[in-house]
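Here is a friendly walk through one model, written for someone who would rather think in residues than in files. Please have a look at the sequence and the structure first.

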Amino acid sequence: MTSVRTRFAPSPTGYMHIGGMRTALFNWLWARKNGGQFILRIDDTDQQRNMDEALQPILEAFRWLGLDWDEGPDVGGDLGPYFQSMRRPLHTAALEKLLAAGLAYRDFEPAEDTRAQREAAEKEKRVYVSSRDSLQLTADQVAAKLAAGEPHVVRFLIPRDRRVSINDHIRGRVEWDCSLMVDPVIARADGSPLYNFATVVDDAHLRITHVIRAEEHLSNTPVQVLLHEALGNELPEFAHIPFVAAPGGKKKLSKRDIDKYRKSPAFQKLFKLGDEVLGRLGVDAGDQALSPVMVAYYREVGFLPAGVLNALARLGWSLDDETENMSLQTVQQNFSLERVVKGAASLDPDKLMSYQAYWMGQLSDQEKLDGCVRFLVKAGLIPEAPDADTIARVQTVVQLVADRLRVFGDILSMDEFFVTAEGLSYDEKEFQKRVVRPEDAVDLLQALRKRLAEQESFSADHLHDVVQQFVADQSLKFGQIAPALRLSVTGKAKGADLFPTLELLGRDECLLRLDRAVGRAESMKVV
RNA sequence: GGCCCCAUCGUCUAGUCAGGCCUAGGACACUGGAUUUUCAUUCCAGUAACGGGGGUUCAAAUCCCCCUGGGGUCACCA
């Protein structure tokens, strides 16, 4: 029994697609589950200039999620190189082999002619197949054209008299009629191999046993199977998993549609979170802006690998009829291609947040603290090398807000604990509603401020009693003063427990903020 | 348009291969209630689906056929 070998073969595009990551995850899972190898091959036949720059984000995404690879960039392997552009000799050899065996042919037909034929066929609603005119050339004629340096591509000769079929792990038997297929170009005029051909050569050479890829590749499969056969390769097994669809739809999640997603109600939540967090981090929002389509977005916003991994694993796969929260280890132990569904699954931001919140809740206090400190430093809300007092303060805040911390980036919206009274920003709408508009709000706040100033102790418990007493004295309801107090001191309508917040801020800061809030409200009333 | 794939609550899914245990289960979201004299958490409850039509069968979400709908793909891209 040969060991299971799977691969993920990204093109170096400068970012890692979240849907591609799901495909990679399933490959990794299948290899690990079977004690096999997971290989990373870089399909860079396009010969990009900034290869390294375009590749690093991809490798980083794998590292961040903790998905290791047994062979590939950085780690090497016996069957390398693992960059398709460097495997050219292998491709050329395979090409020669097909040519020599008469299973491929040099096509001298000008590209324009081929295109014209295709268009004509389409117009007449006729199935287009290759003309194969170049096949009529005698060996001498071909030799003469070659000697004259006539441009040509190499096409694979499709055996038109038969059918190809695969037994897909997910889809079962899928069959195609070869008579309907065009002879695919396998080498360009400059001699470079095309994806469909290079992939076949490389998959065979790397001894890939299971080709697990997204459904959109299903239509490439018959050609690849035919090529494998022509080359005398052992056929890999195929598993075409459904692609990841955009939230609220069934269409493939694509980076090209970012602008559309921004407006999509189902997707907005993630963009909003990103705008908030990334804005505070001062992360570039230019052309290559981070978006929820990219894995890096989740890392930058402060998602946990466990949260993202959990969501990705559940997109098209389930362990059973009830298990939702799963560690990578649990998924790995239970993964099977048999339980992968056939239909496209759309990414659900709500569900993702729910997994994320679960895993955030699983973190120890120290882990939460570390993550929050990292983000606060990055946002410049605390110094680069925070002293013990600062750390202790952050720790207190983190404990206070633990329940509402979904992603680490959330800590940045709790900046009331880290800015001075002057730097405090207010939720204007809520401030108007709870402080400016109510007739008696300012008077009450002033009276309360006086009461607070008289207190010797500023502990949460004591403050609670004080406010309680204040409410009773004024025959108010708690709800008539608490929101205004919260708005005045934190600038927000929502937040951590009110009294511990006051305690943490301290008497001087609280009084100062109350004064500023009152002043603010009065100046607004005048206008 | 050709070829191919897919079809269970709004969403992710269980159940489909081996028809009856399904008056279709879970989760997220949503709604209501309890707790919290703020905010959030937590707990409880509720709304909500087998796309349609024919068969086969004692019995169909499950098997067969047709229709409809959705999607992928049709490059000297990967």
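## A loop residue to start from

R207 sits in the loop between α6 and β8 (210-214); helices (H or I, at least four residues) and strands (E, at least two) are DSSP runs, numbered from the N terminus. This is a predicted model, in which local features need pLDDT of at least 70 and side-chain atom pairs count only at pLDDT 80 or more, while totals for chains, interfaces and linings use all residues. Residues are numbered from 1 along each chain as its sequence is written, and chains are lettered from A and ligands numbered from 1 in the order in which they are written.

The phi angle of R207 is near 55°, a positive value in a residue other than glycine. K125 also has a positive phi, near 55°, and is not a glycine; its place is the loop between α4 (111-123) and α5 (139-147). A third loop worth a glance lies between α2 (51-65) and α3 (88-100), where P81 is found. A cis peptide bond links G80 to P81, with omega about 0°.

## Buried or exposed

Burial here is a matter of counting: a residue is buried if 20 or more other C-beta atoms lie within 10 Å of its own, exposed if 12 or fewer, and partly exposed in between, with C-beta atoms placed from the backbone. The table lists four residues by this count.

| Residue | C-beta neighbours within 10 Å | Class |
|---|---|---|
| A198 | 24 C-beta atoms | buried |
| F499 | 20 C-beta atoms | buried |
| R207 | 16 C-beta atoms | partly exposed |
| K125 | 6 C-beta atoms | exposed |

A198 belongs to helix α6 (residues 195-205). Leaving aside neighbours within four places in sequence, A198 is in contact with T45, Q84, H91 and P193; contact requires C-beta atoms, placed from the backbone, within 7 Å. R256 is 58 residues from A198 in sequence, and their C-alpha atoms are 26 Å apart in space.

F499 is part of helix α20 (residues 498-505). Its contacts, again without neighbours up to four places away in sequence, are A460, L463 and H464. F499 and D461 are 38 residues apart in sequence, with 7.3 Å from C-alpha to C-alpha.

## The nonpolar cores

In soluble globular proteins, nonpolar side chains tend to be buried together. A nonpolar core is a set of buried Ala, Val, Leu, Ile, Met, Phe, Trp, Tyr and Cys residues joined through C-beta atoms within 7 Å. The largest such core has 87 residues, of which M21, L25, M294, L312 and I411 touch the most other members. Helix α1 (residues 18-33) gives this core its largest share, nine residues. A second, separate core has 20 residues, including V442, L487, V489 and A517.

What does I411 touch, once residues up to four places away in sequence are left out? The list is C372, F375, L376 and L405.

## Strands and their partners

Strands of a sheet pair through backbone hydrogen bonds, either parallel or antiparallel. For two strands to pair, DSSP must find at least two bridges between them. One open sheet has three strands in the order β3-β4-β7, with antiparallel pairing. β3 (104-107) and β7 (185-187) are at its edges, each with a single partner strand, so one side of each has no neighbour in the sheet. From one strand to the next, the twist averages 45°, taken between N-to-C directions of axes fitted to C-alpha atoms, on a scale from 0 to 180 degrees.

Strand β4 (residues 153-156) is joined to β7 by two bridges, and the two run antiparallel. V154 has A187 in β7 as its bridge partner.

Elsewhere, β8 and β9 run parallel and are joined by five bridges. Opposite I212 stands A239 in β9. Strand β9 (residues 237-241) is mostly covered, with four of its five residues buried.

## Around the RNA

Which residues come nearest to RNA strand B? Of the 57 around the strand, they are D43, Y195, D321, A345 and K494; a residue counts as near if its C-beta atom, placed from the backbone, lies within 6 Å. β6 (172-177), β11 (345-346), α13 (349-362) and α19 (478-490) each supply at least two residues of this surface. The largest share, five residues, comes from α19.

Notes: Two residues are in contact if their C-beta atoms, placed from the backbone, lie within 7 Å.
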